[in-house]
Every structure is written in C-alpha cells, then in structure tokens.
Amino acid sequence: MAVYDRLIELLKDKEVIIQTHNFPDPDAIGTAFGLQYFLRQFGIESDLVYSGKIDNNNTKRMVDMLEILIYNSEEYKDFKEDKCVVTVDGQKNNSNFSDLIGDEVACIDHHSWTTAYKYLYVDHREWGACSSIVTDYFIESGIPVPKNVATALLYGIKMDTFSFSRGVTDDDIRAFAFLHNSADIQQMRTLENNSVELADLRAYGLAFKNTVVYDRIGFAHINLDCPDSLIGMVSDFILSLSAVDVSVIYADRNGGYKFSVRSEIEGVNAGKLVAAALSGIGSGGGHPTMAGGVITKENVSLLGTDHDFMIRKRFLDVGMVMLEEAARQRALMEQSMA
Ligand SMILES: [Mn+2]
C-alpha cells in the first residue's frame with residue numbers, strides 16, 4: 001500500500017482546498033499544483049488557496065507561465081466549514097499559516113514538525129523540498145506528469161534547495177532525475193535567468209553598502225521595507241561571499257525588523273541561531289540552513305540607541321558559542337579517530 005492511498009481514501013467524495021503557507025514561494029505552489037493534478041487522477045477536485053501575497057516576481061511569473069489557478073483567500077468565494085483542507089509546505093498553527101474556514105485533515109510538509117494539531121493524514125519527510133514529496137507520489141504510482149506540472153515541481157525543488165546546494169537529500173535528486181525529462185527546460189531557463197528585477201537592485205545596493213563581516217558572519221541592514229523573498233535572495237547572495245559562512249540580513253518592517261538568516265556550516269543551525277539571538281526581543285526559527293525572524297515595532301526600543309550594534313552583538317554572542325562548540329565537537333571526533 002502506498003503512502004498516498006490513505007490520503008485518497010480520506011478525500012474521496014469530499015470538497016477539497018489545498019492551502020499553501022502565506023506568501024507562497026515556488027516550492028509551496030509547485031507542491032499544491034502537483035498535488036491538485038495528482039488528486040484529479042483519482043476523481044478528487046480541489047482549489048488552491050493562499051493568504052498574504054505572491055510578492056516575488058519569479059513566483060508570479062511561474063504562476064502565469066504555467067497557468068496555475070490559485071486563489072488569494074480574500075478573493076476566494078467558496079469556503080465551507082466542511083470542506084477538507086490539505087496544508088502543504090507548512091503546518092496548521094504555524095505563524096505563516098492563516099487559519100481559514102474548513103477542516104484541516106491532512107498535511108504534506110518538509111519543515112521540522114512543530115504543531116500539536118492532530119491531522120488525520122500526515123506525510124512529513126524532512127527533504128530539501130516539499131515538491132519532492134509530491135513528485136514521489138508520481139514516481140510510486142506511475143502516473144505520468146504533464147509538462148507544466150513537472151516544470152512547477154522541478155522549479156519548486158530547485159528554488160528550495162538553492163539549485164541542489166542546500167539541505168538537499170538523495171530523494172530530492174531522485175525527484176529531479178524523474179522530472180527532468182518531463183519538464184519544459186526552456187520555461188525553466190526563463191524562470192531561472194530572470195530572477196532579479198530592476199526594482200530589487202535597490203535592496204541589493206543598500207545591502208552591499210551596509211555589509212560587514214565579523215568572524216565569518218556577514219551582516220547587512222537593508223534600510224528599506226522589502227518583501228521576504230527579496231530579503232532571502234540578498235541573504236543567499238551574501239552567503240555566497242567566500243568570507244561568509246553565516247549571513248544575517250534584516251530589513252525595515254512596520255517600524256520593526258524582518259530577518260533572513262542562512263548558514264552553510266554544520267555547527268551553526270540557522271533556525272536555532274535566530275531563535276536564540278532574538279529571544280526576549282522577537283521571534284525566529286526555521287531550518288538548519290535557512291531561517292527567518294522578526295522584531296516588532298513594540299520591541300524595537302529594547303535594542304537601545306544603536307540597533308545595528310545590538311543586533312550584531314546578539315547574533316555574535318550566540319553564533320560564537322555555536323562555532324566554538326562545533327570546533328570542540330570536531331576536535332573530539334578527530335581525537336577519537338586518532
Ligand atoms: Mn518548502
């Protein structure tokens with residue numbers, strides 16, 4: 001019996017909504033779009049819904065180009081209490097998951113499991129991308145993947161794994177190999193080669209101007225309110241500098257700050273770093289390699305007069321302890337091998 005059999009059974013003859021996390025990214029949309037097509041093969045129709053905005057230009061382009069019909073929750077007219085909701089690329093009660101009308105019965109996700117909510121169906125695999133999990137449904141079932149679905153899934157996988165260089169598993173590679181022949185490579189190229197918009201350059205410019213590196217941690221304050229996706233892209237870029245192992249990028253947000261944190265070294269868990277660094281003044285969390293956080297307007301005064309100084313100090317205090325601990329562990333390992 002395949003994993004998804006229970007999902008099919010659960011959703012049979014039901015009206016279904018597939019909900020992505022708020023401000024969906026290509027992986028969330030790829031997963032939702034792939035799952036919608038997959039369920040349709042079993043006679044199950046569904047609508048795709050998200051809250052917030054699609055604020056990344058490339059994600060917008062993906063939706064237009066692949067003709068993905070996905071509704072903003074404010075425009076969606078067909079909510080019903082007894083509709084079944086499948087949450088993808090996130091979990092009910094996560095801060096980036098609005099509680100919409102409907103009955104959340106199922107979840108497909110690749111993030112650390114944090115919700116106490118009891119779903120009837122959970123497919124949780126900590127792979128590099130959620131789209132890889134849905135791709136696995138196609139691999140297992142032998143159902144052919146149409147071109148636009150394959151392109152959406154492939155693009156989702158590539159974006160979430162930063163082109164197979166971040167948090168990637170053998171299963172993501174297997175999904176990639178499977179989709180590669182079915183996807184529209186020309187469309188993939190268009191999506192990948194046009195990732196930076198002219199308007200984004202301003203944020204990059206501010207980040208470059210303000211970048212400082214202490215002990216291999218790169219900091220940059222983008223003193224501008226910009227979308228999460230853009231802060232993430234800048235954070236990826238700063239991480240690509242050879243002098244940087246961990247990047248901490250933050251932008252102005254409603255009188256407070258929004259953070260994007262990346263780590264490419266094993267000893268520093270980005271999610272734990274941001275959670276600890278903002279503890280008591282904000283909140284944060286995420287994956288070992290990529291994470292986010294917020295300091296709200298109400299708490300900004302806790303940063304004193306020099307916000308940048310205090311933010312760096314907080315991240316360095318925690319980050320240095322993590323780096324030292326990692327070095328200690330490495331030394332112990334080497335000792336036991338000798
Ligand atoms: Mn994802």
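# Close-up views of a predicted model

**Figure 1. Strand β4 sits between two parallel neighbours.** Five bridges link β1 (residues 16–20) with β4, and the two strands run parallel. One pair to look for is Ile17, whose bridge partner in β4 is Val85. β4 also pairs with β5, again in the parallel sense and over five bridges. Here Thr87 is the residue to pick out, standing opposite Cys107 in β5. The model shown in this and every other view is predicted.

**Figure 2. Both faces of β4 are covered.** How many of the five residues of β4 are buried? The count is five of five, and the strand is mostly covered. On one side, the buried residues are Cys84, Val86 and Val88. Val85 and Thr87 are on the other side, and they are buried too. Val85 is also the bridge partner of Ile17, while Thr87 is the residue opposite Cys107.

**Figure 3. Helix α4 is largely enclosed by the rest of the structure.** This helix covers residues 130–141, and its twelve residues should span 16 Å at 1.5 Å a residue. Its end C-alpha atoms are 18 Å apart, which agrees with that expectation. Why can α4 be called largely enclosed? Nine of its twelve residues are buried, and a residue counts as buried when 20 or more other C-beta atoms lie within 10 Å of its own. The buried stretch consists of Cys130, Ser131, Ser132, Ile133, Val134, Thr135, Asp136, Tyr137 and Phe138.

**Figure 4. Helices and strands both cover α4.** Which elements lie over the buried residues of α4? Among the helices are α2 (26–40), α5 (147–160) and α6 (170–180). The strands include β4 (84–88), β5 (103–109) and β6 (121–124). Two of these strands, β4 and β5, are the parallel pair joined by five bridges. Just after the helix, have a look at the backbone of Gly142, which takes a positive phi of about 75°.

**Figure 5. Helix α9 is mostly covered.** α9 is made of residues 228–239, and its twelve residues reach 16 Å from the first C-alpha to the last. That is close to the 16 Å expected at 1.5 Å a residue. Ten of the twelve residues are buried. They are Asp228, Ser229, Leu230, Ile231, Met233, Val234, Ser235, Phe237, Ile238 and Leu239. What do these residues pack against? Their partners are helix α8 (200–210) and the strands β8 (217–222), β9 (246–253) and β10 (256–263).

**Figure 6. Two loop residues other than glycine have positive phi.** Phe164 belongs to the loop between α5 and α6, and its phi is near 65°. Is Phe164 buried or partly exposed? With 14 other C-beta atoms within 10 Å, Phe164 is partly exposed. Arg216 is in the loop between β7 (212–214) and β8. Its phi is positive as well, at about 70°, although Arg216 is not a glycine. Arg216 has 15 C-beta neighbours inside 10 Å and so counts as partly exposed.

**Figure 7. Gly280 is an exposed loop residue.** This glycine lies between α10 (270–277) and β11 (283–286). Because Gly280 has 10 C-beta neighbours inside 10 Å, it counts as exposed; the cut-off for that class is 12 or fewer. For a handy distance check, try Leu316: it is 36 residues from Gly280 along the chain, and their C-alpha atoms are separated by 16 Å.

**Figure 8. Two domains touch each other.** The domain assignment gives domain 1 as residues 5–193 and domain 2 as residues 200–333. The centres of the two domains, taken over C-alpha atoms, are separated by 28 Å. Seven residues of domain 1 make contact with seven residues of domain 2. On the domain 1 side, the touching residues comprise two nonpolar, two polar and three charged.

**Figure 9. Stepping back to the whole protein.** Eleven helices and twelve strands make up the secondary structure. The C-alpha atoms fill a box of roughly 60 × 55 × 40 Å along the principal axes. For 338 residues, a compact globule would have a radius of gyration near 20 Å, and the 21 Å of this protein agrees. Buried residues account for 42% of the 338. Of the contacts with a separation of 6 or more, 60% join residues 24 or more positions apart.

Methods:
Residues are numbered from 1 along each chain as its sequence is written. This is a predicted model: local features need pLDDT of at least 70, side-chain atom pairs count only at pLDDT 80 or more; totals for chains, interfaces and linings use all residues. Helices (H or I, at least four residues) and strands (E, at least two) are DSSP runs, numbered from the N terminus. The expected span of a helix is 1.5 Å times one less than its number of residues. The radius of gyration is taken over C-alpha atoms; the globule rule is 2.2 Å times the number of residues to the power 0.38. Domain bounds come from an automatic or database domain assignment. Ala, Val, Leu, Ile, Met, Phe, Trp, Tyr, Cys and Pro count as nonpolar, Asp, Glu, Lys and Arg as charged, and the others, Gly among them, as polar. Two strands pair if DSSP finds at least two bridges between them.
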